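Trainee: I have a chain open in the viewer and would like to go through it with you. Could we start with one residue and work outward?

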Amino acid sequence: MRGAVAVVVAHRPGVDGPSDVLTPLLGVPIVLRAVRALLASGSVDRVVLVVDLEAEATARQLVDGLPVSVHTDAHEAAWCAQTSGPIVLHD
């Protein structure tokens with residue numbers, strides 16, 4: 001399944017409260033664990049990450065250097081995820 005794009009939805013618009021995707025699990029933020037696992041699967045070439053505005057700067061730092069694009073707008077993320085291959089959704 002090479003060529004797949006994974007979309008990681010780490011924010012749900014309209015849901016109030018702080019984002020918990022940056023919470024560390026054994027020292028590694030949950031969202032970074034998800035991204036790394038997808039990329040390590042051998043099936044996913046790149047990840048499109050959707051986060052809330054408060055988590056954006058930190059998320060960008062966490063995935064710096066990885067084939068990941070970070071978005072706060074779901075429509076923009078959907079546009080970026082377009083591919084001729086499969087799309088995997090991680091919610």
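Mentor: Let us begin with E56, which counts as partly exposed, at 21% relative accessibility. Please keep in mind that this is a predicted model.

Trainee: Why is E56 called partly exposed and not buried?

Mentor: Buried means under 20% relative accessible area. E56 has 21%, so it counts as partly exposed.

Trainee: In which element is E56 found?

Mentor: E56 is found in helix α2, which spans residues 53-62.

Trainee: And what is E56 in contact with, leaving aside its neighbours within four places in sequence?

Mentor: The contacts of E56 are then V51, V70 and T72. As for V70, its C-alpha atom is separated from that of E56 by 7.2 Å, and the two residues are 14 apart along the chain.

Trainee: Which side chain meets that of E56 in a salt bridge?

Mentor: That of R60, with an N to O distance of 3.0 Å. The count for the model comes to 1 salt bridge.

Trainee: How are R60 and E56 placed in the helix?

Mentor: Both lie in α2, 4 residues apart, which is about one turn of the helix. An α-helix has 3.6 residues a turn, so residues three or four places apart point the same way. R60 is also partly exposed, with a relative accessible area of 41%.

Trainee: Moving to the interior, how many residues does the largest nonpolar core have?

Mentor: The largest nonpolar core has 19 residues, and V47, L49, V51, V63, V68 and V70 have the most contacts inside it. Two or more residues come from each of β1, α1, β4, α2 and β5. Helix α1 gives the most, with 5 residues.

Trainee: Is there a separate core as well, and which residues does it include?

Mentor: A second, separate core has 6 residues, including V5, V48, V50 and A77.

Trainee: Back to V47: what does it touch, not counting residues up to four places away in sequence?

Mentor: V47 touches A6, V8, V35, L38, L39, P67, V68 and S69.

Trainee: V35, L38 and L39 come up there. Which residues of α1 are buried?

Mentor: The buried residues of α1 are V31, L32, A34, V35, L38 and L39. Seen down the helix axis, they fall within an arc of 160°, so they line one face of α1. They pack against β1, β3, β4, α2, β5 and β6.

Trainee: What follows α1?

Mentor: G42 follows α1, and its phi is positive, near 85°.

Trainee: Now the surface. Which residues make the nonpolar surface patch of about 330 Å²?

Mentor: L25, L26 and I30 make that patch. I30 belongs to helix α1, residues 30-40, and it counts as partly exposed, at 40% relative accessibility.

Trainee: How much area does the whole chain expose?

Mentor: The chain exposes about 5,500 Å², and carbon and sulfur atoms supply 57% of it. Of the 91 residues in the chain, 35% are buried.

Trainee: Finally, in what order do the elements run from the N terminus on?

Mentor: They run β-β-β-α-β-α-β-α-β, with 3 helices and 6 strands in the chain. Among contacts with a separation of 6 or more, 62% are between residues 24 or more positions apart.

How values were computed: Residues are numbered from 1 along each chain as its sequence is written. This is a predicted model: local features need pLDDT of at least 70, side-chain atom pairs count only at pLDDT 80 or more; totals for chains, interfaces and linings use all residues. Side-chain values use heavy atoms; hydrogens and water are left out. Patches are made of residues with over 30% relative accessible area and no salt bridge: like charges are joined within 9 Å, nonpolar side chains (Val, Leu, Ile, Met, Phe, Trp, Tyr) within 5 Å. Accessible areas come from the Shrake-Rupley method with a 1.4 Å probe; for residues, only the protein chains shown count as cover. A salt bridge is a side-chain nitrogen of Lys or Arg within 4 Å of a carboxyl oxygen of Asp or Glu. Buried means under 20% relative accessible area, exposed over 50%, partly exposed in between (1.4 Å probe, protein chains only). A nonpolar core is a set of buried Ala, Val, Leu, Ile, Met, Phe, Trp, Tyr and Cys residues joined through side-chain atoms within 4.5 Å. Contact means heavy atoms within 4.5 Å. The arc is that of the directions from the helix axis to the C-beta atoms.
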